[in-house]
Amino acid sequence: MTMEFTLSGRYGALGLGGCYAPETLMQPLLELEAAFVAAMGDPGFLRELKEELRTFVGRPTALTSAPRLARELGLHALYLKREDLAHTGAHKINNALGQALLARRMGKREVIAETGAGQHGVACAAACARLGLSCTVYMGEVDMARQAPNVARMRLFGAEVVPVMAGQRTLKEAVNEALRTWAGRCDRAHYILGSALGPHPFPLIVRSFQSVIGEEARSQVLEACGELPEVVVACAGGGSNGLGLMVPFREDKVRLVAVEAGGHGPATGEHAARVGGGRVGVLHGCKSLLLQDEHGWTAGTASISAGLDYPSLGPELAALCLEGRVEALRASDAEALEGARRLCRAEGILPALESSHGLAVLGRLGARTVLAGLSGRGDKDLSTYQAALGA
Ligand SMILES: *Cc1c(COP(=O)(O)O)cnc(C)c1O
């Protein structure tokens, strides 16, 4: 085995991404890249992935026209790509399943994962049960308390959920713990990272498995209206649903818009808007736009949606924003809630709080036809919606 990656893993003029990992993780990351490249060139692997996506995940997910909401927002046409209809309720399963298949192909019988809101943990637990792999999920103790139903779902699927007590006891600490555990067990375990983040090759692997979203949506929208939309919009936490939806439109004459969490204010610590608010820095093995305080420490973040509440943006999406190919907007907590309320009333669809950030900007795009990614369903956010909207 050579000690060099085949692919660059760098994005944009600033060379974002890369592999800032401890020595103990270099060998497993090199092996992972080699296994991924081999799998993506193996028709047998691709056939099995496609079949599992069809029969287990429920792909292709629907493209839904939303005429009543479009009229309310002054749009000519609005289409929703319905990842909320995928098994386990969000796009996370596309990546979890792809990486679980990759783990099995590599002869690894154990899976390690981290989760914040619990959606990635649930997706991993489901994929591992399906493929007969053991699954251990690291989760901050604070997140375990606020996402109790997802903890119960993971346990029903046979996963072990390990509370992380360090620091703020949320996602950032859970990632640290998962990476540390993987370093000690990498001979038998694979680490399934949940967004287009982390050291190379993870950002590439995750966005490759998520690209199915945009590949389907592009042909579905062409079939539905005979032309491409003017704008494609998605919310951006780490960037996996956004890249998955937008990358297949990259060469088209289509505006691409990523919406970050504006939280409850513009000051450091009150939001998770990394484009504009962040500076280049390294977190969890990759260089990207990172929210930092004046001393360069990773800053605190705030968002009503746990899935967008992360201080760094995935390096590929960050590079696309910096070069202007993707426009970055932000939606506040209040705007996201309003976006959700509108979709519920107009179309009978309850979106995840994360997805609601994308919906929140539809009226300010100045466009006629829009394709919006609905990354997940809102059942997990019911108590927040009830408290905020008085349902
Ligand atoms: C995790 C999650 C997100 C944010 O993650 P990305 O990697 O940016 O896609 C968005 N929506 C839902 C429903 C999620 O579960």
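Mentor: Before we start: a helix here is a DSSP run of H or I with at least four residues, numbered from the N terminus. Keep in mind that this is a predicted model.

Trainee: Okay, in which helix does Lys 92 lie?

Mentor: Lys 92 is worth starting with, as UniProt lists it under "modified residue: N6-(pyridoxal phosphate)lysine", in an unreviewed entry. The helix running over residues 92-105 takes in that position. So by the DSSP runs, numbered from the N terminus, Lys 92 sits in helix α4.

Trainee: And which residues is Lys 92 in contact with, leaving aside its neighbours within four places in sequence?

Mentor: Two of the partners, Gln 119 and His 120, also turn up on the α5 side of the α4 contact. Gln 210 is a partner too, and it belongs to the α9 residues that meet α4. The full set for Lys 92 is Gln 119, His 120, Ala 123, Gly 194 and Gln 210.

Trainee: Let's look at the helix pair, then. Are α4 and α5 parallel, perpendicular or oblique to each other?

Mentor: Helix α4 (residues 92-105) and helix α5 (residues 119-131) have axes 8 Å apart and pack at about 40°. Under 35 degrees would count as roughly parallel, and roughly perpendicular covers 65 to 115. That angle fits neither class, so α4 and α5 are oblique.

Trainee: Is the crossing of α4 and α5 left-handed or right-handed?

Mentor: The α4 side of this contact includes Ile 93, Leu 97 and Leu 101, and the α5 side includes Ala 123, Ala 127 and Leu 131. The contact residues divide into 10 nonpolar, 3 polar and 2 charged. As for the hand, the crossing of α4 and α5 is right-handed.

Trainee: What about the other neighbour: at what angle do α4 and helix α9 pack?

Mentor: Gly 98, Gln 99 and Leu 102 are among the α4 residues here, and they meet α9 residues including Phe 202, Ile 205 and Phe 209. The crossing of α4 and α9 is right-handed. Their axes lie 8 Å apart, and the packing angle is about 115°.

Trainee: How do the residues of the contact of α4 with α9 divide?

Mentor: Lys 92 is one of the α4 residues in this contact, along with Asn 94 and Asn 95. Val 206 and Gln 210 are among those from α9. The split is 5 nonpolar, 5 polar and 1 charged.

Trainee: On to the sheets. Which strands stand at the edges of the sheet of 6 strands?

Mentor: That open sheet has mixed pairing and the order β3-β4-β14-β9-β10-β13. Its twist averages 25° from one strand to the next. The edge strands each have a single partner, so one side of each has no neighbour in the sheet; they are β3 (63-65) and β13 (326-332).

Trainee: In β14, what is the bridge partner of Ala 77?

Mentor: Strand β4 (residues 77-82) pairs with strand β14 (residues 369-374) in the parallel sense, over 6 bridges. In β14, Ala 77 has as its bridge partner Thr 369.

Trainee: At about what angle to β13 does helix α14 run?

Mentor: Helix α14 (residues 333-347) lies across β3, β4, β10, β13 and β14. Its direction relative to β13 is about 90°.

Trainee: Now the sheet of 4 strands: what is its order?

Mentor: This one is open, with parallel pairing. β7 (160-164) and β8 are the edge strands, each with a single partner, so each has one side without a neighbour in the sheet. Neighbouring strands are turned by 25° against each other on average, direction ignored. Reading across, the order is β7-β6-β5-β8.

Trainee: Which residue in β7 does Met 139 stand opposite?

Mentor: Strand β6 (residues 134-140) runs parallel to β7, joined by 5 bridges. Opposite Met 139 in β7 stands Pro 163.

Trainee: Any odd backbone spots? Is the peptide bond from His 200 to Pro 201 cis or trans?

Mentor: Pro 201 is in the loop between β8 (189-192) and α9. Omega for the bond from His 200 is near 10°, which makes the peptide bond cis.

Trainee: And where does Thr 88 lie?

Mentor: Thr 88 has a positive phi of about 75°, although it is not a glycine. Its place is the loop between β4 and α4.

Definitions and conventions. Residues are numbered from 1 along each chain as its sequence is written. This is a predicted model: local features need pLDDT of at least 70, side-chain atom pairs count only at pLDDT 80 or more; totals for chains, interfaces and linings use all residues. Side-chain values use heavy atoms; hydrogens and water are left out. Axes are lines fitted to C-alpha atoms, for helices over the stretch in contact, and angles run from 0 to 180 degrees between N-to-C directions. Helices (H or I, at least four residues) and strands (E, at least two) are DSSP runs, numbered from the N terminus. Angles under 35 degrees count as roughly parallel, over 145 as roughly antiparallel, 65 to 115 as roughly perpendicular and the rest as oblique. A crossing is left-handed if the near helix is turned anticlockwise from the far one by less than a right angle, and right-handed if clockwise. Contact means heavy atoms within 4.5 Å. Ala, Val, Leu, Ile, Met, Phe, Trp, Tyr, Cys and Pro count as nonpolar, Asp, Glu, Lys and Arg as charged, and the others, Gly among them, as polar. Two strands pair if DSSP finds at least two bridges between them. UniProt positions are given in the numbering used here, feature names are shortened, and annotations may be inferred rather than shown by experiment.
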